[in-house]
Amino acid sequence: MKVALCGYNWIGCHCLRRLLDAGHDVAVFTHESPYHINSLLEYALKSGVDVTTEPIATGRLQTKPDILCSVFYREIIPRDVLQTVEGKAFNVHPSLLPEYRGCSSLTWAMINGESEVGYTYHYLTQDVDRGDIILQRPILVEDFDTQQSLYERVMFEAAKDFMPAFSLVTENISGIPQPRGVGQHYRRGCPHGGQIDPTWNDEKVERFVRAMIAPPLPVATYCGTPIRTFREYRQIVDQ
């Protein structure tokens with residue numbers, strides 16, 4: 001099959017490898033990556049795959065894809081591209097939709113004290129993160145998780161379901177409609193600007209500190225002081 005893969009980060013590389021191993025003809029749309037993020041651009045070039053960092057558009061599709069896959073792609077897929085693949089387009093989102101639509105879903109879930117997160121494969125529509133659900137699975141949040149470890153755990157499990165989701169879409173499975181009027185949507189950007197609110201209780205502060213740990217991104221701050229652990233926070237507050 002001819003596949004358009006819109007991806008980024010290590011899971012984008014993983015999904016490209018799985019598609020190539022299955023014998024598919026893949027064209028990749030991705031982004032430039034900073035040094036600390038696995039480069040799908042470099043991996044596609046090394047694999048001899050057509051790749052571009054230009055946003056996906058019908059004019060950049062050399063041939064009509066049979067299916068479009070989105071894995072951590074950072075652009076909204078245009079309506080005419082979705083029409084080109086006749087609805088055979090899907091995305092993986094790191095939450096149990098319809099909860100935590102938008103950006104930083106795992107980070108916000110940690111801050112809000114959720115005991116369970118997960119991932120959802122869903123059909124792509126013009127309504128962001130609103131498409132019918134193909135499959136989803138829950139994952140427990142551990143008390144020791146940081147943003148980095150929770151992201152890695154969730155996406156590692158999500159990667160296992162990429163090809164099963166791909167097969168379901170090629171078989172034209174009907175997804176499960178998402179209920180309207182429920183769930184939250186978060187915009188792109190660091191939650192609370194990365195700053196600890198002095199009115200928060202200790203439990204929320206402790207979760208927030210862990211939720212900000214994703215090197216080399218900045219850690220949480222309290223009154224301008226970097227806070228790497230909850231103990232550091234208490235030492236400052238108790239002075």
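This passage describes the sheet, the helices packed on it, the salt bridges and the aromatic pairs of a predicted model.

The strands come first. Seven of them form an open sheet. Their order is β3-β2-β1-β4-β5-β7-β8, and the pairing is mixed. The edges are held by β3 (50-52) and β8 (133-140). Each of these two has a single partner strand, so one side of each has no neighbour in the sheet. On average, neighbouring strands are turned by 15 degrees against each other, direction ignored. Within the sheet, β1 and β2 run parallel and are joined by five bridges. In this part of the sheet, L5 stands opposite V28 in β2.

Two helices are described against these strands. Helix α5 lies across β5 (89-93), β7 (116-123) and β8. Its direction is at about 40 degrees to β7. Helix α6 (residues 162-170) also packs on the sheet. The strands touched by α6 are β1, β4, β5, β7 and β8. The direction of α6 makes about 150 degrees with that of β4.

Helix α7 has its own set of partners. Its buried residues are V205, F208, V209, R210 and A211. They pack against helices α4, α5 and α8 and against strands β10 (220-222) and β11 (225-227). At the start of α7, there is a contact between a side chain and the backbone. A side-chain oxygen of N201 reaches to within 3.2 Å of the backbone nitrogen of E203.

Charged side chains are considered next. Side chains of opposite charge can pair when their charged atoms come close. The model contains ten salt bridges. In one of them, the side chains of K2 and D25 meet, with 3.2 Å from N to O. This pair links distant parts of the chain. K2 belongs to strand β1 (residues 2-7) and D25 to strand β2 (residues 25-29), 23 residues apart. K2 is partly exposed, with a relative accessible area of 33%. D25 is partly exposed too, at 43%.

Another salt bridge joins R17 and D21, with 4.0 Å from N to O. Both residues lie in helix α1 (residues 9-21). They are four residues apart, so about one helical turn separates them. R17 is partly exposed, with a relative accessibility of 37%. D21 has a relative accessible area of 59%; that is over 50%, so D21 counts as exposed.

A further salt bridge returns to helix α7. D202 pairs with R234, and the closest N and O atoms are 3.0 Å apart. D202 lies in helix α7 (residues 202-211), whereas R234 lies in helix α8 (residues 230-237). The pair therefore ties together parts that are 32 residues apart in sequence. D202 is partly exposed at 31% relative accessible area. R234 is partly exposed at 23%. D238 joins D202 and R234 in a network of salt bridges.

The aromatic rings complete the picture. A pair of aromatic rings is described by the distance of the centres and the angle of the planes. The model holds ten aromatic pairs. F72 and Y151 form one that is tilted. Their centres are 5.6 Å apart, with 55 degrees between the planes. F72 sits in the loop between β4 (67-71) and α3 (79-84). Y151 sits in helix α5 (residues 147-160), 79 residues apart from F72. The two rings also differ in burial class: F72 is partly exposed at 23% relative accessible area, while Y151 is buried at 15%.

W108 and Y186 form another pair. Their ring centres are 4.5 Å apart and their planes stand at 15 degrees, so the pair is stacked. W108 lies in helix α4 (residues 105-111) and Y186 in strand β9 (residues 185-186). The pair therefore ties together parts that are 78 residues apart in sequence. W108 is buried, with 12% relative accessible area. Y186 is buried as well, at 15%. Elsewhere, F90, Y119, Y121, F162 and F166 form one aromatic cluster.

Conventions
Residues are numbered from 1 along each chain as its sequence is written. This is a predicted model: local features need pLDDT of at least 70, side-chain atom pairs count only at pLDDT 80 or more; totals for chains, interfaces and linings use all residues. Side-chain values use heavy atoms; hydrogens and water are left out. Buried means under 20% relative accessible area, exposed over 50%, partly exposed in between (1.4 Å probe, protein chains only). Rings of Phe, Tyr and Trp (its six-membered ring) pair if their centres lie within 6.5 Å; planes under 30 degrees apart count as stacked, over 60 as edge-to-face and the rest as tilted. Two strands pair if DSSP finds at least two bridges between them. Axes are lines fitted to C-alpha atoms, for helices over the stretch in contact, and angles run from 0 to 180 degrees between N-to-C directions. Contact means heavy atoms within 4.5 Å. A polar contact is a pair of N or O atoms within 3.5 Å; within protein, one must be able to donate a hydrogen and the other to accept it, and residues adjacent in sequence count only if both atoms are side-chain atoms.
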